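Hi everyone, thanks for coming. I'd like to walk you through a structure that's new to most of us, so let's get it up on the screen.

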Amino acid sequence: MNLGMLKSYKVFVPVLFLFVSWCSLYQDMHTAEPELIATPKYDLNVSVPIENNNAIKESIEQNRSTALEPEILTAQIEEEIAVVQDIPLEIKPEIAAQSEVIVPIIRVSSTSEEKDHKNFGFDLIQKGSHDENTLLVVGGIQGDEPGGFMAASLIATQYKITKGSVWVIPNLNFYSIIKRSRGPFGDMNRKFASLKESDPDYEAISKIKSYIEDDEVKLVVNLHDGSGYYRETYVDKDHSPHKWGQCSIVDQANLDCDKYGDLERISTKIVEHVNANLIREEDRYAFNNTKTAQGNEEMAKTLTYFAIKNKKAAFGNEASKNLPTHERAYYHLLALEKYMDIMGIGFEREFELTPLAVKEVIDNNIYLSIEGNSISLPLHDIRSVLRYFPVNKDGHIAYAPSNPLLKIIKDKDTYTIYYGNRRLTHLKADYMDYINAEVNVHFKVDNKDIEVKFGEIISVKNDFLVHDHDEYRVNVIGYSNSSKIETGTSISQEKFMKRFSIDRQGQMYRVEFYKKDKFAGTVLVKFEDV
Ligand SMILES: [Zn+2]
């Protein structure tokens with residue numbers, strides 16, 4: 001799916017409005033808070049229908065008779081919010097629908113620098129309703145295993161838990177993910193038996209241990225991408241007992257614990273389920289018992305064995321590094337769905353579980369909402385460098401990402417947006433004062449007058465015009481004319497210098513609004529495919 005499917009700006013308004021209200025609420029409470037050192041724990045206890053779901057439905061129904069595509073409709077009808085329990089007053093949009101709706105769900109962060117590595121933290125995203133039968137999914141313990149952490153992030157963003165409870169940590173070793181390194185401070189998955197307090201990973205390890213030990217957690221799955229293909233007997237150097245790819249791992253056959261102690265039986269069911277859905281025969285999963293307690297010193301230092309020692313059922317799930325990322329994520333999702341099934345956890349997803357659909361949801365629908373949605377930035381086709389990007393003079397960008405693997409790293413006046421291992425773009429800062437303004441601005445789009453809020457994306461067929469505003473000055477980036485006045489004049493795609501577009505296609509441009517010399521917000525115009 002791509003932005004070409006965005007046919008009407010109207011549908012964006014209600015959802016965006018909700019987000020903007022939430023975001024400003026959140027920021028009101030957190031204005032003084034710098035980069036989140038301890039990532040907040042979101043207790044999503046109750047899921048309730050979105051307050052003005054009706055308004056959304058109405059607007060969708062109005063649009064149904066027009067050109068809106070059905071996938072978008074479904075996604076928006078499914079929209080819901082969840083009430084957060086332990087942070088008062090905060091309402092968070094849960095589920096990010098698979099549509100072009102901008103619903104950042106994760107957190108409000110501020111830019112980090114690489115030297116802040118101790119403060120990168122990780123996210124715990126709690127989904128569904130609390131109960132004593134929680135599945136804990138862990139991704140990103142080693143930063144060079146994107147299949148695992150992408151799959152975990154999709155559980156966080158693309159799955160709705162309809163029954164039971166799932167906790168997701170998609171980015172346990174976030175610094176190593178950004179560094180594309182197995183472990184900048186050594187292998188984090190060898191730090192669970194003992195660790196010095198001086199170790200840079202100490203805080204993260206202590207925190208993840210406490211989540212594993214939590215009474216609600218009954219089953220833990222740690223996601224990995226291993227090399228080659230595990231086989232019980234030696235076939236060749238890529239298919240052998242020494243390889244880790246494509247298997248379901250247990251430390252022992254059985255565990256004396258509350259629930260799910262028949263580890264081998266459960267693992268075998270996972271293997272069967274994956275093998276019923278293979279892309280190719282070579283990818284066949286196998287059951288792998290590391291027999292850790294019988295003197296496997298390396299495995300005794302891992303996350304899963306820590307869980308086992310604490311009487312929690314735990315499994316490793318391995319995809320193969322020989323496969324492309326989306327295929328690895330596909331196998332992880334197959335396994336995770338089977339775990340949910342075994343535990344009686346209900347879920348819905350907006351996409352079909354096929355390798356290509358997984359690729360689509362990984363690549364598309366990623367956004368940042370910047371400075372309380374003054375700017376919302378679609379990232380799936382973003383240029384590798386965006387110049388003159390308005391950044392607050394204090395040097396920080398506050399942002400809410402649509403996916404927990406998104407992070408902005410600052411290096412002098414360059415702000416690099418990361419998505420897991422991928423570097424999406426470098427923003428070159430144009431430092432200015434920001435003002436927080438929630439106003440409506442007025443456009444004429446294809447001869448129709450419309451009212452727009454900052455952070456919205458308008459779809460334009462032929463041309464648009466920005467109406468003059470008493471208080472706000474307008475700068476249409478990449479467009480200029482001899483009069484230097486950019487309002488009141490109709491602008492078509494040819495009038496833009498393509499290199500100023502947000503996207504590589506040259507279809508999306510920024511319209512910026514200022515009050516005197518202070519930056520107030522951006523509206524994006526997106527010319528439709530011709
Ligand atoms: Zn691994």
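Let's start with a small one: how many bridges join strand 27 to strand 29, and do these strands run parallel or antiparallel? Before I answer, keep in mind that what you're looking at is a predicted model. Okay, so strand 27, residues 463–466, is joined to strand 29 by 2 bridges, and the two run antiparallel. If you want a spot to zoom in on, find phenylalanine 464, which stands opposite isoleucine 491 in strand 29.

Now zoom out a bit. Those strands belong to an open sheet of 4 strands, in the order 25-24-27-29, with antiparallel pairing. Strand 25 (448–453) and strand 29 (491–492) are at the edges with a single partner strand each, so each of them has one side without a neighbour in the sheet.

Next up, the core. The largest nonpolar core here has 121 residues, and Val137, Val138 and Ile155 are the ones with the most contacts inside it. Which helix gives the most to this core? That's helix 9, residues 325–343, with 9 residues. And why does the core lie between domain 1 and domain 2? Because domain 1 (123–363) and domain 2 (440–527) both give residues to it. In general, nonpolar side chains in soluble globular proteins tend to be buried together.

Let's pick out isoleucine 155. Skipping anything up to four places away in sequence, isoleucine 155 touches Val137, Val166, Val168 and Leu336.

On to helix 10, residues 355–363. Here Val358, Val361 and Ile362 are buried. Look down the axis of helix 10 and its buried residues fall within an arc of 105°, so they line one face of the helix. What do they pack against? The buried residues of helix 10 pack against helix 4 (146–158) and helix 9. Then, just after helix 10, you get to asparagine 365, which takes a positive phi of about 60°.

Last stop: serine 227, in the loop between strand 10 (217–226) and strand 11 (229–230). Serine 227 counts as partly exposed, because it has 14 C-beta neighbours inside 10 Å. Leaving out neighbours within four places in sequence, its contacts are Lys243, Trp244, Gly245 and Lys321. And how far apart are serine 227 and histidine 239? They're 12 residues apart in sequence, and 9.5 Å apart in space, going C-alpha to C-alpha.

That's my tour, thanks for listening!

Key:
Residues numbered from 1 in each chain as written. Predicted model: local features only at pLDDT ≥ 70, side-chain atom pairs only at ≥ 80, totals over all residues. Core = buried A, V, L, I, M, F, W, Y, C linked by C-beta atoms within 7 Å. Buried ≥ 20, exposed ≤ 12 C-beta atoms within 10 Å, placed from the backbone. Domains from an automatic or database assignment. Contact = placed C-beta atoms within 7 Å. Pairing = 2+ DSSP bridges. Arc of directions from axis to C-beta.
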